[in-house]
Amino acid sequence: VVDLTNLEFLCTAERDSLPRSAGPAVPLATLQETDVVGLYFARGEVSPDSEDSSDSDCFSHFTARLAEEHAKCQAQGKSFEVIFLSSDRDQETFDGHFAEMPWLAIPYAERFLKNALTNLFDAQALPILVLLSGKGELITKRGCEAMSYGTDYFPWDAASLARGKK
């Protein structure tokens with residue numbers, strides 16, 4: 001069982017920050033002050049049992065959409081961070097995908113944490129975006145849907161999503 005309180009699950013005894021694909025690592029204390037923290041469960045490679053590239057297309061399309069919304073939030077001064085939790089099969093594939101992303105990641109080697117969070121949020125059909133507050137409170141497990149409403153509906157909580165459905 002993962003305790004989400006204050007996002008402390010994101011760090012270990014050896015690591016008190018998360019790496020950003022380009023730029024300095026972000027300390028846990030900074031994430032705890034963030035209004036919305038997205039846990040982005042994704043795999044950029046096509047699974048071996050897939051007949052086509054739709055898995056990869058879905059990843060590429062949603063990753064581009066998420067990067068766009070993330071940039072809009074940053075430009076508008078909205079407090080939103082994204083953390084990539086990779087389901088890629090190896091470090092090299094992870095490195096390639098993470099290098100293209102403007103956000104943070106759980107290090108690939110920390111499979112135990114990625115797997116525990118995958119189980120906690122039942123993140124099987126990828127991509128999945130779970131939105132939490134900086135205090136670790138669940139905002140929504142339907143972050144992919146929330147992104148479709150755009151930054152006008154930030155912080156994408158139940159009230160904001162209800163407004164977006166009207």
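In this predicted model, E110 is buried, with a relative accessible area of 11%. The residue sits in the loop that runs between β5 (104–105) and α4 (111–120). Its side chain has a polar partner there: a contact of 2.6 Å joins the side chain of E110 to that of R15. Once neighbours within four places in sequence are set aside, the contacts of E110 are T12 and R15.

Charged pairs are a good place to continue. The count of salt bridges in the model comes to 7. One of them joins the side chains of R65 and E69, with an N to O distance of 3.4 Å. Both residues belong to helix α2 (residues 54–75), where they stand 4 residues apart, about one turn of the helix. An α-helix has 3.6 residues a turn, so residues three or four places apart point the same way. The two partners nevertheless fall into separate accessibility classes: R65 is partly exposed at 27% relative accessible area, whereas E69 is buried at 1%. The pair also belongs to a wider arrangement, since R65, E68, E69 and K72 are linked in a network of salt bridges.

A further group of charged residues centres on E145. This glutamate forms a salt bridge with R142, in which the closest N and O atoms are 2.3 Å apart. E145 also meets K165 through a side-chain salt bridge of 3.6 Å, N to O. The pairing of K165 with E145 links distant parts of the chain, with K165 in helix α6, E145 in helix α5 and their positions 20 residues apart. As for accessibility, E145 is partly exposed, with a relative accessible area of 21%, while K165 is exposed at 51%.

Helix α6 itself deserves a closer look. Which residues of helix α6 (residues 158–165) are buried? They are S160, L161 and G164. These three lie on the same side of α6 because they cover an arc of only 95 degrees around the axis. The face turned away from that buried side carries the exposed residues A158, A159 and K165. K165 of this exposed face is the residue that meets E145 in the salt bridge described above. The cover over the buried residues of α6 includes β7 (138–140) and α5 (143–149).

The nonpolar interior comes next. The largest nonpolar core has 24 residues, and those with the most contacts inside it are F9, L10, L39, F41 and I83. Two or more residues of this core come from each of α1 (28–32), β3 (36–42), β4 (80–86), α4 and β6 (128–132). For F9, leaving aside neighbours within four places in sequence, the contacts are V2, D3, L4, L39, L113, L117 and L132. Another core lies apart from the largest one; this second core has 23 residues, among them M101, Y108, L129 and F154.

The cysteines can be dealt with briefly. A disulfide is a covalent bond between the sulfur atoms of two cysteines. How many disulfides does a search of the whole structure find? The search returns 0. C73 takes part in none, and the nearest cysteine sulfur, that of C144, is 15 Å away. Because a disulfide requires two cysteine sulfur atoms within 2.5 Å, the separation of 15 Å leaves this pair outside the cut-off. C73 is buried, with a relative accessible area of 0%, whereas C144 counts as partly exposed at 25%.

Finally, a few points of backbone geometry stand out. Most residues other than glycine have a negative phi, and most peptide bonds are trans. Against that background, the peptide bond from L126 to P127 is cis, with omega near 0 degrees, and P127 is placed in the loop between α4 and β6. A cis peptide bond also joins F154 and P155, with omega about 15 degrees. P155 lies in the loop between α5 and α6, and F154 is one of the residues of the 23-residue core.

That loop between α5 and α6 also holds W156. Although W156 is not a glycine, its phi is positive, at about 60 degrees, and the residue is buried, with a relative accessible area of 0%. N6 is another non-glycine residue with a positive phi, here about 55 degrees. N6 belongs to the segment before β1 (17–18) and counts as partly exposed, at 31% relative accessibility.

Technical notes: Residues numbered from 1 in each chain as written. Predicted model: local features only at pLDDT ≥ 70, side-chain atom pairs only at ≥ 80, totals over all residues. Heavy atoms only, no water. Buried < 20%, exposed > 50% of the residue type's maximum accessible area, 1.4 Å probe, protein only. Arc of directions from axis to C-beta. Contact = heavy atoms within 4.5 Å. Polar contact = N/O pair within 3.5 Å; in protein donor to acceptor, adjacent residues only side chain to side chain. Salt bridge = Lys/Arg side-chain N within 4 Å of Asp/Glu carboxyl O. Core = buried A, V, L, I, M, F, W, Y, C linked by side-chain atoms within 4.5 Å.
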